Amino acid sequence: MPLSQMEQKIATIFRSEVDRQEINQRAMAIDLHDSPQNVSHKLNGRRRLGLDGVVNMAEYIQAPELDFEVAAAMFHTPKPLNRKRRDGHPLSKMVGQDKEEIERIEIEKKFEIWDLLSIPAEEITFEEKEEIEQWLIELKDEISSEIAVFIAVCNRYSFNSRKVIELAEKRERND
């Protein structure tokens, strides 16, 4: 039975990391309690890894960037946002850095949304509009990321997303 596209992608991710770290496959096979041939087949996308195999191989390789890439491939999560960040870790690219978060909070403090909505548009300066626009862009990115996670979890665990939304809305009305 041929491997799925996702399984092949995961094998490719593992293969490139093993090559990058110059890991000895024979030693890796011994540590993973597997044969060198089987490890080679798994890394080349000719044998299934299975969930336990994915976890074991990721633990052996110990690369946080790799863990994120594999999780993204398995759960069909979106690629991290490509923005200028202080470090290159994929999770940092996705969830943001402290400095950017502090800047966003400062803008939010300056423009509390309910206060902002009470100000006529004519009274807002050009600079303030630019800051509001930046805040809206960040807000849109956060919402998109949250929706992507919501959809990925619903799909992964076979939840009907519409029913989950309906339940959440009912609960909000009851609170």
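**A walk through a ten-helix model**

Let's start at one side chain: D34 has a relative accessible area of 23%, so D34 counts as partly exposed. Keep in mind that this is a predicted model. D34 has a partner, since D34 and K42 form a salt bridge in which the closest N and O atoms are 2.9 Å apart. K42 sits on the other side of the burial cut-off: its relative accessibility is 14%, and buried means under 20%, so K42 counts as buried. This pair therefore brings together a partly exposed acid and a buried lysine.

Now zoom out. The secondary structure comes to ten helices and zero strands, and from the N terminus on the elements simply read α-α-α-α-α-α-α-α-α-α. The protein has 175 residues, and 27% of them count as buried.

Back to the salt bridges, of which the count comes to four. Besides D34 with K42, they include the pair R48 and E7, whose side chains meet at 2.4 Å, N to O. R48 lies in the loop between α3 and α4 while E7 belongs to helix α1, so this contact ties together parts that are 41 residues apart in sequence. As for cover, R48 is partly exposed because its relative accessibility is 34%, which falls between the 20% and 50% limits.

Another salt bridge stays inside one helix: R15 pairs with D19, and their closest N and O atoms are 3.1 Å apart. Both residues are in helix α1 and four residues apart, so about one helical turn separates them. Their surroundings can be read from the accessibilities: R15, at 15%, counts as buried, whereas D19, at 45%, counts as partly exposed.

Helix α1 also has a packing story. General point first: two packed helices are described by the angle between their axes and the distance between the axes. Here the helices are α1 (residues 5-21) and α4 (residues 50-61), which pack at an angle of about 20° with axes 11 Å apart. Angles under 35 degrees count as roughly parallel, and α1 and α4 are therefore roughly parallel to each other. As for handedness, α1 passes α4 in a left-handed crossing.

Next, a look at the backbone. Most residues other than glycine have a negative phi. So which way does phi point at E22, which is not a glycine? E22 has a positive phi of about 55°. E22 belongs to the loop between α1 and α2 (25-31), and because its relative accessibility is 70%, E22 counts as exposed. H33 is a further case, with a positive phi near 55° in a residue other than glycine. H33 is placed in the loop between α2 and α3 (36-43), and a relative accessibility of 75% is why H33 counts as exposed.

Finally, move along the chain to the surface around α9. Which residues make the nonpolar surface patch of about 390 Å²? V149, V153, Y157 and F159 make this patch. One of them, Y157, is found in the loop between α9 (126-156) and α10 (161-174). With a relative accessibility of 53%, Y157 is over the 50% limit and so counts as exposed.

Notes
Residues are numbered from 1 along each chain as its sequence is written. This is a predicted model: local features need pLDDT of at least 70, side-chain atom pairs count only at pLDDT 80 or more; totals for chains, interfaces and linings use all residues. Side-chain values use heavy atoms; hydrogens and water are left out. Patches are made of residues with over 30% relative accessible area and no salt bridge: like charges are joined within 9 Å, nonpolar side chains (Val, Leu, Ile, Met, Phe, Trp, Tyr) within 5 Å. Accessible areas come from the Shrake-Rupley method with a 1.4 Å probe; for residues, only the protein chains shown count as cover. Helices (H or I, at least four residues) and strands (E, at least two) are DSSP runs, numbered from the N terminus. Buried means under 20% relative accessible area, exposed over 50%, partly exposed in between (1.4 Å probe, protein chains only). Axes are lines fitted to C-alpha atoms, for helices over the stretch in contact, and angles run from 0 to 180 degrees between N-to-C directions. Angles under 35 degrees count as roughly parallel, over 145 as roughly antiparallel, 65 to 115 as roughly perpendicular and the rest as oblique. A crossing is left-handed if the near helix is turned anticlockwise from the far one by less than a right angle, and right-handed if clockwise.
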